[in-house]
Amino acid sequence: MSSKTRILTGDTPTGQLHLGHWVGSLENRVALQDEFECFFLIANMHAFTTRADKPDEIRASTLEIVKDWLAAGIDPDRSTFVLQTEVPGIAELTWFLAMLLPFNRVMRNPTLKTELETKGLGENYSFGFPMYSVGQCADILVFRPELVPVGEDQLAHMEPCREVARRFNQLYCGVDPQTEDEEYVRAGGLFPIPKAKVGRVARLIGTDGVNKMSKSLGNAIFLTDEFKQIKKKLGGLYTGRQTMDEPGDVNNALFQYVRAFITDAERVAELERRYAAGDNIGDGHIKVEVAEAIDRLIGPMRERRKAYEGAAGDEKIMSLLREHAAKANAAAEETLHLAKKAMRLDFGRRVISFG
Ligand code: ATP
Ligand code: MG
């Protein structure tokens, strides 16, 4: 095991990556690659919890997201990519952890409730849907990270993960329940109690001006969007403001984008001042300025992504994922071995070979 502290985080392949991912998590991942030993996960098994009828889309999205990672600056030589379905230890740990979380605790998770509503899952959601919340604890804990860079919506999932880690350590490793979170491993626990690291913008609003920007809600600006598309999407953002001299609300959705993407702090302050005062400034103008700023950010990503276009690009990604599956399994199997030992389930050590 490397001496560096570990990070784990990831994305569900239900679409392509968008600006919310960048400000919420991706930007941190790129920045932390040197300092930490990083594991980045594609939660393709979890994608099936809402899209079991769309295996082709899940597969395509898996490849697209890895391309997005590479385009955004994640370096496969420094970080390990984890394809969830190729790491059986994750599913196995999910079962064990499911025994340590009360069912009603899982169902009270506010993020899960919001998802049921916004994704229109209604009454007939699958048994597997709430299970993904437990699965996510296993995704994280199997790599025993200390830090998890995520957006704000994931904080509600981090709490059960932290609880279940404490409970496992107490039940099976004999750690005293009074132990401080930071001390669990020193006290003999297997799992560090992981902390969330929320990005520069905790929750970027979508271009519908209402919901969190989400890849599955049709309100996202994707990292692959061209300037014209960015401008069009921002153009549709409703502010309710009619004229250039009407005082505007600098806390509206448009100004969330202004602050998130215009990097010149003085210009941001000037826009805020003029907008609040209704000083001859139109929403349309500000939208174009924001679109230009976004284009400056993602233009280089679009360029880097060209190296992975088409069937040849797909093949590069496939071989990268295969190569990394071996590394990911080595780390996960080590944890499973130790976890099962702690649970008195050590009946021999298995070897996973990956071809
Ligand atoms: P889905 O609609 O399928 O749930 P999503 O857009 O919410 O997709 P996820 O794969 O669920 O994306 O989230 C990946 C990571 O990106 C998580 O850490 C999440 O908190 C973060 N994230 C997603 N959307 C935003 C956002 N709008 N603002 C900040 N962070 C975000
Ligand atoms: Mg989500």
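Which pocket is taken by ligand 1? Ligand 1 occupies the largest pocket, where a pocket is an open set of points on a 1 Å grid over the protein atoms alone, with protein on both sides within 12 Å along at least five of seven lines.

## Basis of the model

This is a predicted model, in which local features need pLDDT of at least 70 and side-chain atom pairs count only at pLDDT 80 or more, while totals for chains, interfaces and linings use all residues. Residues are numbered from 1 along each chain as its sequence is written, chains are lettered from A and ligands numbered from 1 in the order in which they are written, and side-chain values use heavy atoms, with hydrogens and water left out.

## The surroundings of ligand 1

Around ligand 1 there are 23 residues, of which Thr-14, Gly-151, Asp-153, Lys-212 and Ser-216 come nearest; a residue is near a molecule if one of its heavy atoms lies within 4 Å of it. The shell divides into five nonpolar, eleven polar and seven charged residues, with Asp, Glu, Lys and Arg counting as charged, Ala, Val, Leu, Ile, Met, Phe, Trp, Tyr, Cys and Pro as nonpolar, and the others, Gly among them, as polar. Strand S1 (6-11) and helix H1 (19-32) each supply at least two residues of this shell, and H1 gives the most, with three residues; helices (H or I, at least four residues) and strands (E, at least two) are DSSP runs, numbered from the N terminus.

An oxygen atom of ligand 1 lies 2.6 Å from a polar side-chain atom of Thr-14, and one is 2.8 Å from an N or O atom in the side chain of His-18. At Thr-12, a polar backbone atom is 3.0 Å from an oxygen atom of the ligand. Of the 600 Å² of accessible area that ligand 1 has on its own, the protein covers 96%, as computed by the Shrake-Rupley method with a 1.4 Å probe.

## Two buried residues

Asp-225, in the loop between strand S5 (195-198) and helix H9 (227-235), is buried, with a relative accessible area of 4% (buried means under 20%, with a 1.4 Å probe and protein chains only). Its side chain reaches the backbone nitrogen of Phe-222 at 3.0 Å, and a polar contact (a pair of N or O atoms within 3.5 Å, one able to donate a hydrogen and the other to accept it) of 2.7 Å joins the side chains of Asp-225 and Lys-233.

Ser-79 belongs to strand S3 (residues 79-83) and counts as buried because its relative accessibility is 0%.

How values were computed:
On a 1 Å grid over the protein atoms alone, a cavity is a set of points where a 1.4 Å probe fits but cannot get out, and a pocket is an open set with protein on both sides within 12 Å along at least five of seven lines; lining residues have an atom within 4 Å of a point. A molecule sits in a cavity or pocket if more than half of its atoms lie within 2 Å of its grid points. Buried means under 20% relative accessible area, exposed over 50%, partly exposed in between (1.4 Å probe, protein chains only).
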